[in-house]
Amino acid sequence: MGYSFDDLKAAGKKDWQNYIQHDFVKQLGAGTLPPAAFRHYLQQDYLFLIHFARAYALAAYKSRNMAELRHSFDGMKVIVDLELTLHVDYCTQWGVSEEDLARLPEARATMAYTRYVLDTGNRGDLLDMHVALAPCLVGYGEIANWLNSEANTLRGADNPYDSWIAMYESEGFQAAMRDEINWLNTRLATVTDERFEELTTIFRDATRLEIDFWQMGLDLSF
Ligand SMILES: Cc1ncc(C[n+]2csc(CCO)c2C)c(N)n1
């Protein structure tokens, strides 16, 4: 009893570090990531975001009260109204058109990760679902902060990926990350040891699937 989000991270420390400090992230920070790898990642991330919006819809379905319903609804709204629109614009800047996105085959890493999150939500409750979503939401905020603390990171116009880092270090995004951590901390405070064990498995699995997603970008794999 009395667990927190930090305990979840500590239980899968090695995987968490391999995710936050993945070669894809390091190369993105240094500005040396091959553009083809970034483009492949961006395209698959479009499909990822669509399934992620579905996951928030599932969270809405699993909600037991108005506050939970609103939390899920807001999550879905941010992805559909904001993230996906921004993403399509961003893809255009990187030479990926909407037709390219519409025709895109789904990579196995995208399938594995998104369907894992949806299955976890289907099988479990809202807490299972949020723990499966946490590496995505919290991880990207941590990645931006870690990159800013790294000597090899190049900021400014000389790094073609600077705006990607800027998005996740922004106050709006960092605030969403803190809200999610607070939401999780409130619920993790009262779970039993057995329940916490189950949740660490979900958190680690989702983290390992984030690692595979980065690797898919580097390998240009489908
Ligand atoms: C593979 C992958 N993992 C995480 C994110 C980041 N992300 C996606 S949706 C979302 C929450 C928005 O409400 C965040 C932070 C990504 N883009 N792609």
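**Burial, helix faces and the ligand shell in the predicted model**

With 13 C-beta neighbours inside 10 Å, Leu220 counts as partly exposed, because this number lies between the limit of 12 or fewer for exposed residues and that of 20 or more for buried ones. Leu220 belongs to the segment that follows H11, and its phi is positive, at about 55°, although the residue is not a glycine. Most residues other than glycine have a negative phi.

The model that contains this residue is predicted. Its protein chain has an average pLDDT of 95, and 100% of the residues score at least 70, while the model as a whole is given an ipTM of 0.94 and a pTM of 0.94. According to the UniProt record, an unreviewed entry, residues 16-219 are covered by the annotation "domain: Thiaminase-2/PQQC". Across residues 16-219 the chain is 82% helix and 0% strand, and the C-alpha atoms at the two ends are separated by 21 Å.

The surroundings of the ligand were examined next. The shell around the ligand comprises 13 residues, of which Val78, Cys136, Leu137, Tyr140 and Phe213 come nearest. Two or more residues of the shell are given by each of helix H4 (35-61), helix H5 (66-93), helix H8 (126-149) and helix H11 (193-219). By residue class, the shell consists of nine nonpolar residues, one polar residue and three charged residues.

Helix H7, formed by residues 108-123, has 16 residues, which at 1.5 Å a residue should span 22 Å, and the C-alpha atoms at its ends are indeed 22 Å apart, in agreement with that expectation. The buried residues of H7 are Ala109, Thr110, Tyr113, Thr114, Val117, Thr120 and Gly121. When the helix is seen down its axis, the buried residues of H7 fall within an arc of 120°, so they line one face of the helix. An α-helix has 3.6 residues a turn, so residues three or four places apart point the same way. The other side of H7 carries the exposed residues Arg108, Arg115, Asp119, Asn122 and Arg123.

The loop between helix H6 (98-103) and H7 contains Glu106. This residue has 15 other C-beta atoms within 10 Å and is therefore partly exposed. Glu106 and Leu47 are 59 residues apart in sequence, and their C-alpha atoms are 7.2 Å apart in space.

A comparable treatment was applied to helix H10, residues 171-188. Its 18 residues should span 26 Å at 1.5 Å a residue, and the separation of its end C-alpha atoms, 25 Å, agrees with this value. Met177, Glu180, Leu184 and Leu188 are the buried residues of H10. These buried residues cover an arc of only 70° around the axis, which puts them on the same side of H10. Exposed residues are found on the other side of H10, namely Glu171, Gly172, Ala175, Arg178, Asn182 and Thr186.

Two further residues of H10 fall in the intermediate class of burial. Trp183 lies in helix H10 and counts as partly exposed because it has 17 C-beta neighbours inside 10 Å. Although Trp183 and His130 are 53 residues apart in sequence, the distance between them in space is 9.1 Å, C-alpha to C-alpha. Ile181 also has its place in helix H10, and, with 19 other C-beta atoms within 10 Å, Ile181 is partly exposed, since burial requires 20 or more. Between Ile181 and Gln21, which are 160 residues apart in sequence, the C-alpha to C-alpha distance is 20 Å.

In helix H4, one of the elements that give two or more residues to the ligand shell, Ala36 was also considered. Ala36 is exposed, because 11 other C-beta atoms lie within 10 Å and the class of exposed residues extends to 12 or fewer. The C-alpha atoms of Ala36 and Leu86, which lie 50 residues apart along the chain, are separated by 20 Å.

How values were computed
Residues are numbered from 1 along each chain as its sequence is written. This is a predicted model: local features need pLDDT of at least 70, side-chain atom pairs count only at pLDDT 80 or more; totals for chains, interfaces and linings use all residues. pLDDT is the predictor's confidence in each residue, from 0 to 100. UniProt positions are given in the numbering used here, feature names are shortened, and annotations may be inferred rather than shown by experiment. Helices (H or I, at least four residues) and strands (E, at least two) are DSSP runs, numbered from the N terminus. A residue is near a molecule or strand if its C-beta atom, placed from the backbone, lies within 6 Å of it. Ala, Val, Leu, Ile, Met, Phe, Trp, Tyr, Cys and Pro count as nonpolar, Asp, Glu, Lys and Arg as charged, and the others, Gly among them, as polar. The expected span of a helix is 1.5 Å times one less than its number of residues. The arc is that of the directions from the helix axis to the C-beta atoms.
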